[in-house]
Amino acid sequence: MPEVNGPQRLGGWTRLVTARPRLALLAALVITMLAVFAGSGVADRMGSGGWEAPDAESTYTTKALEREFPASQPNLLLLVDSGGASVDDPAVAAEAARLTERLAGEKGITGVGSYWQSKSSALRAEDGREALIAARIEGDDKEMGEVLDRMAPAYRGVHGPVEVSVGGPVAVRHEMQTIIQEDLLRAEMIALPVTLVLLVMVFGSAIAALLPLGVGIVAILGTNAVLRGITEFTDVSVFAQNLTTALGLGLAIDYALFIVRRFREELSAGADTREAVGATLRTAGRTVLFSALTVAVSLAAMLVFPQYFLRSFAYAGIAVVLLAAAAALVLLPAALVLLGPRVNSLDLRRLLRRGDGRSAERSGGVVRGRPGGHDEPSESAAPAEAGAGRGWGRFAALVMRRAPVFAAATAVGLVLLGLPFLGVKFGTADDRQLPASAESHVVQQHIRDGFPGSPGGGLEVLAEGAATPAQYAEYRDRIAGLPGVLRVDGPVTAGRFAYFSVLPDGESVGEGTQRLVQDLRAEPAPFDTSVTGTAAVLVDSKHAIADRLPWAVGIIVVVTLFLVFLLTGSVLIPLQAVVLNALSLTAMFGAVVWVFQDGHLSGPLSFTSTGDIETTLPVLMFCVAFGLSMDYGVFLLSRIKEEYDRTGDHERSVTFGLRHTGGLITAAAVILAVVMVAIGTSRVTNTKMLGLGIALAVLMDAMVVRSLLVPSVMKLMGRVTWWAPAPLRAFHRRFGLSEGESVPVPAEETSKDAPERERVTSGA
């Protein structure tokens, strides 16, 4: 068997992190307090957009129109409701004119216009009872939010014969940002106590249960400080804070669970405190490091996309994963050195114990007799864990006895659950992300339902270059004749620039409107043209994602294959891991379409279905869920590999791995799912979709893929699972790492298994 050269290096690491544990924890406390200060106010510096590609034609056109024609891009709308009277009533018109004039005098607001000035039918409801005042607030998200907070209260409400409501893109983004912050606080208040209760149920000991929460809090606070620093250089989406909380708690708990559980096993095996910490870092610590790398790579893949919405999740995800791993590998060992056996203090399961030692063979809560020092925890040490371990062992044996049935049934079931995703329709996020009672949502819904055309779904064509009125007129007539065009207004000119407003005959982001975008861009003109609008942004976003998606998937797959090879030394296990991970995500994607696109369960879950899925969400969910699936995959494979290195018995190794990690992975998945469901209680639909979708993916991976598909597939593959060509085996012997130390295989096992194992791994 290959020699592992990691223990010597990690032995030095053990001495480093445990030499002065009090000093290490004090330094961590100081750094955490500084992180609290550095990360304060980070949400106020974040944006609520970022779905558009910054280098896209639609982005360029929008910025040019904002610069040259501010009135063409209003982001603030005042909905004026005249009650039972007509909007053309003299009293109503006089009050509306007063409001329009007052709004035009507000600092930071430009391009003010209204129905009563232009008499445009697009600004008047079809029933004649409502009309619009439009304006533009200048500045970035923070500046626009400040202007809105200052002026909105003075306009909202009853003014003589009219009642005014505030809406428009600025109001939608500002209200979304506020709701996300409120929902995040509520999610944390839900997740923390429930997580603590579950940890106590897993560990029994209240002391052991508090350690993972401490690691998670350090990771979250540290990531907020990192994000605060990043906002100094680039845009960061406020949605990233949800991922910070979810992964900060979820992964910190995963890593701490794995380390604390292994530490308790080593103590039960008779090791003293420092020996137990050293053995834990050489085994579980190494697995945590590999897991963190695989998750970080999955999240880092989002950096290849141009949208800052996706890049923000990469910033937050990489930071929180690395900080969670660092806290688990530095602070947690220091705490364990100080606690020692007291990590089992305040054991709330003591009443369930059936007594202290049962025979003379048991010493220190351990049943002696396994070769190589791999003693089993006794029932007196942890009856629930021992019983659960035996149950998982029997379950693994059952699955492998019926491996073809379990493998086929599970794979087919997962594929069927993913079929709804074949009907996915992509769209853009709008006000319907907000609760139905949100003011800006109410305003936009009134506009959708009561105003002519497709409000908010119009297209703008920017013309650049010298042109005559006749050329403008000829171009307008040609684009008015394109399929799907209801009306063309314009041109509005300013020097070398002009723009046309095109009203589509159909849904604002429907397939017909998207084709119209392509037709407008292809239409020849005697001047340079470019197109923007909701459908144009969607077309460009879909193109940007399709262009970069192969790179993102390639990065994830290649690096995952490499890391899993370093862990296992096999070329087949990494391929198996990637395929099974992908299968574990099918239920999530199918549910996203069935629930959020098609609107099933929209009532119980309190959201408004738009009939499509925001374009960037599937990419985000894939990267996050794939990384978390690899997290659990590494935990399981590391224990299987450890036992295979020790015995060379393939089936026994699979049973051993599931027996020793099945309960742990399930507990970690349930806790992470609780955190994600807490995130999923958000009133913002995209956040709800992210939280509930990831929770489903995590549970499917832990309870179906790791429990049924992995053992059955490994049984079907047999010893060939561990095959690698000779050059790669040599590479792994030199550079590979795996959980466990180089424990010599007993002589009787060596004579029986080693030749066969060598034959399989060499491919002879």
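A residue counts as buried when its relative accessible area is under 20%. By that cut-off, 55% of the 764 residues in this chain are buried. The model on screen is predicted.

**The whole chain**

Start with everything selected and shown as a cartoon. The secondary structure amounts to 25 helices and 14 strands. Switch to a surface: the chain exposes about 30,000 Å², and carbon and sulfur atoms supply 62% of that area. Contacts can be sorted by how far apart the partners are in the sequence. Of those with a separation of 6 or more, 80% are between residues 24 or more positions apart.

**Helix α2 and a nonpolar patch**

Select residues 21-39, which make up helix α2. Leu-29 is found in this helix. Now keep the surface on and colour Leu-23, Leu-26, Leu-29, Val-30, Met-33 and Leu-34, which form a nonpolar patch there. Together these six side chains' residues have about 600 Å² of accessible area. For reading any such pattern on a helix, it helps that an α-helix has 3.6 residues a turn, so residues three or four places apart point the same way.

**Helix α3 and its cover**

Move on to residues 57-68, helix α3, which has twelve residues. From its first C-alpha to its last it reaches 16 Å, close to the 16 Å expected at 1.5 Å a residue. Which residues of α3 are buried? They are Ser-58, Thr-59, Thr-61, Thr-62, Ala-64 and Leu-65. To see what covers them, add elements from much later in the numbering, including β10 (459-464), β12 (497-504), α16 (511-522), β13 (528-533) and α17 (534-568).

**Strands β1, β4 and β5**

Select residues 76-81 and 162-167. These are β1 and β5, an antiparallel pair with five bridges. Within β5, Val-166 is the bridge partner of Leu-78. Next add residues 157-159, strand β4, which is joined to β5 by three bridges and also runs antiparallel to β5. Here Gly-157 stands opposite Val-164 of β5. The hairpin of β4 and β5 has two residues between the strands, and Gly-160 in this hairpin takes a positive phi near 60°. When side chains are displayed on strands, recall that in a regular strand they alternate between the two faces of the sheet.

**Strands β11 and β12**

Strand β12 was part of the cover over α3. Select it again with β11: seven bridges join the two strands, which run antiparallel. One bridge pairs Val-492 with Tyr-499 in β12. This is a hairpin with two residues between its strands, and Gly-495 in the turn has a positive phi of about 65°.

Stay in β11, residues 485-494, and pick Pro-491. Is the peptide bond from Gly-490 to Pro-491 cis or trans? It is cis, with omega near 10°.

**Two unusual backbone angles**

Most residues other than glycine have a negative phi, and most peptide bonds are trans. Two loop residues are worth selecting with that in mind.

- Lys-119 has a positive phi of about 60° although it is not a glycine. Look for Lys-119 in the loop between α5 (115-118) and β3 (130-137).
- Ser-606 has a positive phi of about 55°, and it is not a glycine either. Ser-606 is in the loop between α20 (602-605) and β14 (613-614).

Finish at Ser-606 with the surface on. Why does Ser-606 count as exposed? Its relative accessible area is 54%, and the cut-off for exposed is over 50%.

Definitions and conventions. Residues are numbered from 1 along each chain as its sequence is written. This is a predicted model: local features need pLDDT of at least 70, side-chain atom pairs count only at pLDDT 80 or more; totals for chains, interfaces and linings use all residues. Side-chain values use heavy atoms; hydrogens and water are left out. Two strands pair if DSSP finds at least two bridges between them. Helices (H or I, at least four residues) and strands (E, at least two) are DSSP runs, numbered from the N terminus. Patches are made of residues with over 30% relative accessible area and no salt bridge: like charges are joined within 9 Å, nonpolar side chains (Val, Leu, Ile, Met, Phe, Trp, Tyr) within 5 Å. Accessible areas come from the Shrake-Rupley method with a 1.4 Å probe; for residues, only the protein chains shown count as cover. A salt bridge is a side-chain nitrogen of Lys or Arg within 4 Å of a carboxyl oxygen of Asp or Glu. The expected span of a helix is 1.5 Å times one less than its number of residues. Buried means under 20% relative accessible area, exposed over 50%, partly exposed in between (1.4 Å probe, protein chains only). Contact means heavy atoms within 4.5 Å.
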